[in-house]
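Work through the exercises below with the sequence and the model side by side. Each task is followed by a solution that goes step by step.

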Amino acid sequence: MSAERYSRLAPLQLEQRKNIALAALDFFSPISYEKVSAAIDRSPTPGRTEPFDGSDFLTYLEKTGVLSDSRKYSARIRDLLEKLESTGLLTYMGQGRDVLIGKRYYFLKELTALERKGLLWTAPALGPEFLYSVFSTITAQITGTGKEGDAHAGTALAIAPNWLLTCAHVINDMEIDEEQTILGRPYRVVRKLSHKSIDVGLIQVEQELTVIDALAFRDPFLSEPVFTFGFPFVPLAREPALIMQRGEVTSTNVKLLDGRDVFLYSAIARPGNSGGPILSESGHVLGIVTEQLERQGMTYTLPFHAGVSAATISSAIAEIQPSLQLPVENYA
């Protein structure tokens, strides 16, 4: 009969990773030095701050009740700390005595005004699962009927308590249902606005939507990883599913024959994705899905996937609903 394993080898759940990551950023912050020293029963060095190491952090997790038996999770917590380091949230300050989890760190990142409103800035370390958990609360399927009376759908993003951002063609190409179901709750559509030349539209609903205070838009960078979010049609599915697809930005600006400016990305977007957000690993909304670019009659070529950039969306909203201001990251 084998002895019980000491270490907990199972991956940490998302909520555990989030709580431990936030505890780490506070623990390794120089301004928390005296508070942390008291928490782990250590006398602070007079007149200076000293970086703590991962082993000290395990003690802190246990004493503060964030994670009991934290040393059984040493390998997983070490991996999380190294992820925080590799994404620039922790700064390496040397090696301590513990071989397994002895790196010393400081948390030195300065947050922008928008970042300080929430936790999206931790997304590079917490990963796609964290992004999905956040954006699944503000990404909605928009349903309606086409010109032939058949069911149609698109995707929208809640950007204000009563406003959804989507594509103009989602609004114009179907008769949007007056009653929408978003995250299991009913919402009544009271107004639809679409830009005449830019594929950007707004849907106003009567009831208040879930919003994210730290929501931030910015334009894409070439080759940066991206994720599309949306509700494409899934064959044989009983109900709509929010689909997340990974890719990268392949061009930051392409001018189309009709004069529109779009950017290109490699993540797959299918019918139903239109209007859905295109996200960066950092949690910024880079734009929305607009259309596939392909030559008619050439079925053997792979289409390009196009998006409307944050700057273009901001300009369009300023024209169709000036009272609504898009939260664009200006790094202030």
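**Exercise 1.** Which residue stands opposite Trp163 in E6?

*Solution.* The model is a predicted one, in which local features need pLDDT of at least 70 and side-chain atom pairs count only at pLDDT 80 or more, while totals for chains, interfaces and linings use all residues. Residues are numbered from 1 along each chain as its sequence is written, and side-chain values use heavy atoms, with hydrogens and water left out. The residue opposite Trp163 is Ala160. Helices (H or I, at least four residues) and strands (E, at least two) are DSSP runs, numbered from the N terminus, and two strands pair if DSSP finds at least two bridges between them. Strand E5 (residues 151-160) pairs with E6 in the antiparallel sense over three bridges, and the two form a hairpin with two residues between them.

**Exercise 2.** Find the bridge partner of Trp163 in E10, and then describe how the faces of E6 are covered.

*Solution.* Strand E10 (residues 201-205) runs antiparallel to E6 and is joined to it by four bridges; within E10, Gln204 is the partner of Trp163. In a regular strand the side chains alternate between the two faces of the sheet. In E6 (residues 163-166), Trp163 and Leu165 lie on one side and Leu164 and Thr166 on the other, and all are buried, where buried means under 20% relative accessible area, exposed over 50% and partly exposed in between (1.4 Å probe, protein chains only).

**Exercise 3.** Describe how helix H3 begins, and which residue follows it.

*Solution.* At the N-terminal end of H3, Asp53 acts as a cap, with a side-chain oxygen 3.1 Å from the backbone nitrogen of Ser55. The buried residues of H3 (residues 54-64) include Ser55, Asp56 and Phe57. After H3 comes Gly65, whose phi is positive, near 80°.

**Exercise 4.** Which residue forms a salt bridge with Asp56, and is Asp56 buried or exposed?

*Solution.* A salt bridge is a side-chain nitrogen of Lys or Arg within 4 Å of a carboxyl oxygen of Asp or Glu. The partner of Asp56 is Arg42, with the closest N and O atoms 2.6 Å apart. This pair links distant parts of the chain, Asp56 being in helix H3 and Arg42 in the loop between H2 and E1, 14 residues apart. Asp56 is buried, at a relative accessible area of 10%, whereas Arg42 is partly exposed, at 39%.

Technical notes
Polar contact = N/O pair within 3.5 Å; in protein donor to acceptor, adjacent residues only side chain to side chain.
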